[in-house]
Amino acid sequence: MRIVMFGCPGAGKGTQAKVIATKTGAVHISTGDMLREAVAKETETGLKAKEYMSKGELVPDDVVVGIVKDKLINDNIKDFILDGFPRTIPQAKALDIMLSELNMPVEKVINLNIDHQVIVDRLCQRRVCLNCGETYHLVNHPPKVEGKCNACGADLIHRSDDQPEAINNRLDQYDKKTAPLIEFYKEQGKITDIDASGSIDEIRDNIMKTLGL
Ligand code: AMP
């Protein structure tokens, strides 16, 4: 299984990628999570990425392509769900080259479709556990203890890029740089649209159907 989970920020890519990875055993590869970890550990990549991320801008292509390539090769990954990558046409082209060298092209691209206004509300209310990556929504899926992760008990944070100004910036970047990938993958006949405005379970069921699972 080689899947790209596609959609604008807050569409639910991470949530769905995790569910499907657990069901199928494919590896969930989130460039956002890898970059946040690099920032927290103050690695060379993290230092390069930090400024872009806090403003809601895209990290340069060569940095992101490098971390995905390292992950696929070092961990010898054959089945994966890419979440948050590719986000630009040059990234998608680099991914195609990388995967054709490994003889394992992308099979399907799941496009999670949702209105931008719903996203602004979702992200303003989102809280994230930096320790285990669990996500919460203050109204629809609140933590049992305020400010603490249900799964591991660590503190929850409101990501700096989930503040209104950065959200608008991220949506703007999505429209300009990421949305053109829909046409790119349409031309390859790989993309399937999924309505991402329903419940997590409904969306998961639709994705599973699309994947024939
Ligand atoms: P995410 O958690 O996927 O929303 O990613 C958080 C932030 O990490 C983004 O707003 C970007 O700054 C950066 N990022 C994640 N993935 C990529 C990517 N494929 N290309 C460029 N920047 C990325």
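Ala, Val, Leu, Ile, Met, Phe, Trp, Tyr, Cys and Pro count here as nonpolar, Asp, Glu, Lys and Arg as charged, and the others, Gly among them, as polar. The model is predicted, so local features need pLDDT of at least 70 and side-chain atom pairs count only at pLDDT 80 or more, while totals for chains, interfaces and linings use all residues. Residues are numbered from 1 along each chain as its sequence is written, and side-chain values use heavy atoms, with hydrogens and water left out.

**View 1. Lining of the second largest pocket.** A pocket is an open set of points, on a 1 Å grid over the protein atoms alone, where a 1.4 Å probe fits, with protein on both sides within 12 Å along at least five of seven lines; lining residues have an atom within 4 Å of a point. This pocket holds about 200 Å³, the volume being the space filled by probe spheres set on the points, which are joined across faces, edges and corners. Its lining consists of Met34, Leu35, Glu37, Ala38, Lys41, Thr43, Thr45, Ile67, Asp70 and Lys71. Four of these residues are nonpolar, two polar and four charged. Helix α2 (31-40) gives the largest share, four residues; helices are DSSP runs (H or I, at least four residues) and strands likewise (E, at least two), numbered from the N terminus.

**View 2. Residues around the ligand.** Of 16 residues around the ligand (a heavy atom within 4 Å), Thr31, Glu57, Gly84, Arg87 and Gln91 come nearest. A backbone N or O atom of Gly84 is 2.8 Å from a ligand nitrogen atom. Gln91 places a polar side-chain atom 2.9 Å from a nitrogen atom of the ligand, and Arg170 has one 3.0 Å from a ligand oxygen atom.

**View 3. Helix α8 against α5 and α7.** Axes are lines fitted to C-alpha atoms over the stretch in contact, with angles from 0 to 180 degrees between N-to-C directions. The axes of α5 (residues 89-101) and α8 (residues 180-187) come within 9 Å and cross at roughly 35°. Ile89, Ala92, Lys93, Leu95 and Asp96 of α5 meet Pro180, Leu181, Phe184 and Tyr185 of α8 (contact: heavy atoms within 4.5 Å). This contact has seven nonpolar, no polar and two charged residues. For α7 (residues 164-178) and α8, the axes come within 6 Å and cross at roughly 35°.

**View 4. Two loop residues.** The peptide bond from Phe85 to Pro86 is cis, with omega near 0°; Pro86 sits in the loop between β3 (80-83) and α5. Glu42, in the loop between α2 and α3 (44-55), has a positive phi near 55°.

How values were computed. Polar contact = N/O pair within 3.5 Å; in protein donor to acceptor, adjacent residues only side chain to side chain.
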